[in-house]
Amino acid sequence: MTPVDAEQLPFFVYGTLRPGGPNHPRFLSGRTRAEEPARLTGATLYPGPGYPYAVEDDGGVVRGDLVTPSPEAYDDLLAALDRLEEY
C-alpha cells in the first residue's frame, strides 16, 4: 500500500464505485493514486430500499476496493462522494 498523509486516509468502496461500475469513471478515474482489491470483514451487503449498503454481520465479508485518492483531488472527491451518498 502507498503511504498517505494521516489526514487523507484511503477509503473502501463497493458496488457502483468499483472499477467497471457505472460511477467509477464519473468519480474516481484520474483522481486516485491507488485502487487495491480489499475485503471488509464482519459485514454483509443488505439489499436495502433503492441500493445495497454494508451492515454489520459477524460472519460476513464484503468485497470491494481500497482507494487512495490523489492528494490534490482528495477534498473535492470526498465532497462529490458525500453528495452521491446524500451524506
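This is a guided tour of a predicted model, moving from one selection to the next.

**Helix 2**

Begin by selecting helix 2, which spans residues 74-84, and colour its buried residues, namely Tyr74, Leu77, Ala80 and Leu81. These buried residues lie on the same side of helix 2, because they cover an arc of only 135° around the axis. If you then show what surrounds them, you will find that the buried residues of helix 2 pack against strand 1, against helix 1 (24-27) and against strand 3. Now turn the view to the face of helix 2 that points away from its buried side, where the exposed residues Asp75, Asp76 and Arg83 are carried.

**Glu86, after the helix**

Follow the chain onward into the segment after helix 2, and select Glu86 there. Glu86 counts as exposed, because its relative accessibility is 70% and the cut-off for that class is over 50%. Its backbone deserves a look as well, since Glu86 has a positive phi of about 55° although it is not a glycine. As a general background to that angle, most residues other than glycine have a negative phi.

**The largest pocket**

Next, display the largest pocket, whose volume is about 480 Å³. Its lining is made up of 17 residues, and those that lie nearest its centre are Tyr14, Thr16, Leu17, Leu84 and Glu85. Which element gives the largest share of this lining? Helix 2 does, with four residues, and both strand 1 (11-13) and helix 2 supply at least two residues each. If you colour the lining of the largest pocket by residue class, you will see 11 nonpolar residues together with three polar and three charged ones.

**Asp65 in strand 3**

Move now to strand 3, which covers residues 53-69, and select Asp65 within it. Is Asp65 buried or exposed? Asp65 is buried, because its relative accessible area is 5%, while the cut-off for buried is under 20%. Show the side chains of Asp65 and Arg18 together, and you can trace a polar contact of 2.6 Å that joins them. When residues up to four places away in sequence are not counted, Asp65 touches Phe11, Phe12 and Val13, then Arg18 and Pro19, and also Glu36, Pro37 and Ala38.

**Ala38 in strand 2**

From Asp65, step across to its contact partner Ala38, which lies in strand 2, residues 32-46. Apart from residues up to four places away in sequence, Ala38 touches Phe12 and the residues Val62, Arg63, Gly64, Asp65 and Leu66. To get a sense of distance along this part of the chain, draw a line between the C-alpha atoms of Ala38 and Tyr51, which are 13 residues apart in sequence and 21 Å apart in space.

**Tyr46, further along strand 2**

Finish with Tyr46, which is also found in strand 2. Tyr46 counts as partly exposed, because its relative accessibility is 42% and that class takes in values between the 20% and 50% cut-offs. Leaving aside neighbours within four places in sequence, show the residues in contact with Tyr46, and you will find Tyr51, Pro52, Tyr53 and Val55. As a last step, draw a C-alpha to C-alpha line from Tyr46 to Glu56: these two are 10 residues apart in sequence, and the line spans 9.5 Å in space.

Terms used: Residues are numbered from 1 along each chain as its sequence is written. This is a predicted model: local features need pLDDT of at least 70, side-chain atom pairs count only at pLDDT 80 or more; totals for chains, interfaces and linings use all residues. Side-chain values use heavy atoms; hydrogens and water are left out. On a 1 Å grid over the protein atoms alone, a cavity is a set of points where a 1.4 Å probe fits but cannot get out, and a pocket is an open set with protein on both sides within 12 Å along at least five of seven lines; lining residues have an atom within 4 Å of a point. Grid points are joined across faces, edges and corners, and a volume is the space filled by probe spheres set on the points. Ala, Val, Leu, Ile, Met, Phe, Trp, Tyr, Cys and Pro count as nonpolar, Asp, Glu, Lys and Arg as charged, and the others, Gly among them, as polar. Buried means under 20% relative accessible area, exposed over 50%, partly exposed in between (1.4 Å probe, protein chains only). A polar contact is a pair of N or O atoms within 3.5 Å; within protein, one must be able to donate a hydrogen and the other to accept it, and residues adjacent in sequence count only if both atoms are side-chain atoms. Contact means heavy atoms within 4.5 Å. The arc is that of the directions from the helix axis to the C-beta atoms.
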